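Hi everyone, thanks for making time. I'd like to walk you through a protein that's new to most of us, so let's get it up on the screen.

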Amino acid sequence: MEVNGEPRGERCAPRPSGKSFALCASPALPSPYNLFYGYAAKPLKIRVKHVGCVLQAPVSDRFYMSHFDSENYEKAMRVVEACPAPEKTLLPMELYEVPITVARFASLGGKCTSDDLFSADLSDDELRKQLNSLMEHEDAVRVASLWAFSGADECVPSDGSVDQAQLGGRLIQLVGQECAQLLVVGDANHNLSSSETHQSLFVEGVISFWNAEMAR
C-alpha cells in the first residue's frame, strides 16, 4: 500500500457543521463532478456538504473501450461522427452491451470530454484543464479527496501504457497535494475482490484519510 499526501492547507473548503462523507465507486452513485467539489447530486432534495470524497479505482472509459474492444469502439466512434441527433439516438446494441445514447458514448469514449478525467495519454496541461473544468459550477467548493487506485486493475490495459501509481501521482499534483491523497493498493483488482487483504488495506486507507480530515 502506498499513501501520499501531507496535511491539507487553506485551499480546502472549511468543514461544514453537518459533516458527511462520500464514496465514489460506481456510476450508480453521484458522479465525481458532484462529490469532488462538495455538493450532492441534483436529484437529492437536500444538498449535503461533503467533508471529503474517495474515488475508488478511477479508470479511463476511453482507454478501457479502445483497448479491450477496439473494433466495436472504432465502429461506435464512426457512428458518433455521422449521427445528426446524438442526444436522441441510441447506439446500436451490438456495439455496446447496455442501452446508451450516442451522445453519452461520445462523452465516455471521446478525448478531453467531460468524462475523460483519468486518461494517462493526456498531457499535464490537458489533465489540468479537464480537472479545472469541474470548478466552473457556481456552487462548487473544493473538498479533500482520496484517490484509491488498484495496482492490478483489469480495466486498465496491461501492455504497460498505463502506470497506475504514476498516473495517480500526476493527478494528485494537478489537484493539489493540500487537498488530495494517493492510495495504491498493490496488486488489487478493480473492485478489490482479489483478496481480503486488499479490501482491508483500502478500508484502512479510507479510515486514515477520514481521521486526518476530522482532525483538521
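Before anything else, one term: when I say cavity, I mean a set of grid points where a 1.4 Å probe fits but cannot get out. And keep in mind that what you're looking at is a predicted model.

So, how many cavities of 30 Å³ or more does a search of the whole structure find? Two. The largest cavity holds about 60 Å³ of space. What lines it? Going along the chain, we have Pro58, Val59, Ser60 and Phe63, then Phe118 and Ala120, then Cys155, Val156 and Pro157, and finally Val162, Gln164 and Leu167. If you sort that lining by class, you get 10 nonpolar residues, two polar ones and no charged ones.

Okay, let's step back to the overall layout. There are seven helices and five strands in the protein. Starting at the N terminus, the order is β-β-α-β-α-α-α-α-β-α-β-α. Of the 216 residues, 44% are buried. And if you take contacts between residues at least 6 apart in sequence, 69% of those join residues at least 24 apart.

Now let's zoom in on a helix, α5, which covers residues 124-132. Which of its residues are buried? Leu127, Gln130 and Leu131. They span an arc of only 95° around the axis, so they sit on the same side of α5. There's a general reason behind that kind of pattern: an α-helix has 3.6 residues a turn, so residues three or four places apart point the same way. Turn to the face of α5 away from its buried side and you'll find Asp125 and Lys129, both exposed. And what do the buried residues of α5 pack against? That would be β4, residues 144-150, and α6, residues 164-175.

β4 takes us straight to our last stop, β5. These two strands run parallel, with six bridges joining them. One pairing you can look for is tryptophan 147, whose bridge partner in β5 is leucine 182.

So is β5, at residues 180-185, buried or exposed? Six of its six residues are buried, so the strand is largely enclosed by the rest of the structure. You can see this on both sides: Ala180, Leu182 and Val184 point one way, Gln181, Leu183 and Val185 point the other way, and all are buried.

That's my tour. Happy to rotate the model if anyone wants another look.

Notes:
Residues numbered from 1 in each chain as written. Predicted model: local features only at pLDDT ≥ 70, side-chain atom pairs only at ≥ 80, totals over all residues. Heavy atoms only, no water. Buried < 20%, exposed > 50% of the residue type's maximum accessible area, 1.4 Å probe, protein only. Helix = DSSP H or I, 4+ residues; strand = E, 2+ residues; numbered from the N terminus. Arc of directions from axis to C-beta. Contact = heavy atoms within 4.5 Å. 1 Å grid on protein atoms, 1.4 Å probe; cavity = no way out; pocket = protein on both sides within 12 Å on 5 of 7 lines; lining within 4 Å. Points joined across faces, edges and corners; volume = space filled by probe spheres on them. Nonpolar A, V, L, I, M, F, W, Y, C, P; charged D, E, K, R; others polar. Pairing = 2+ DSSP bridges.
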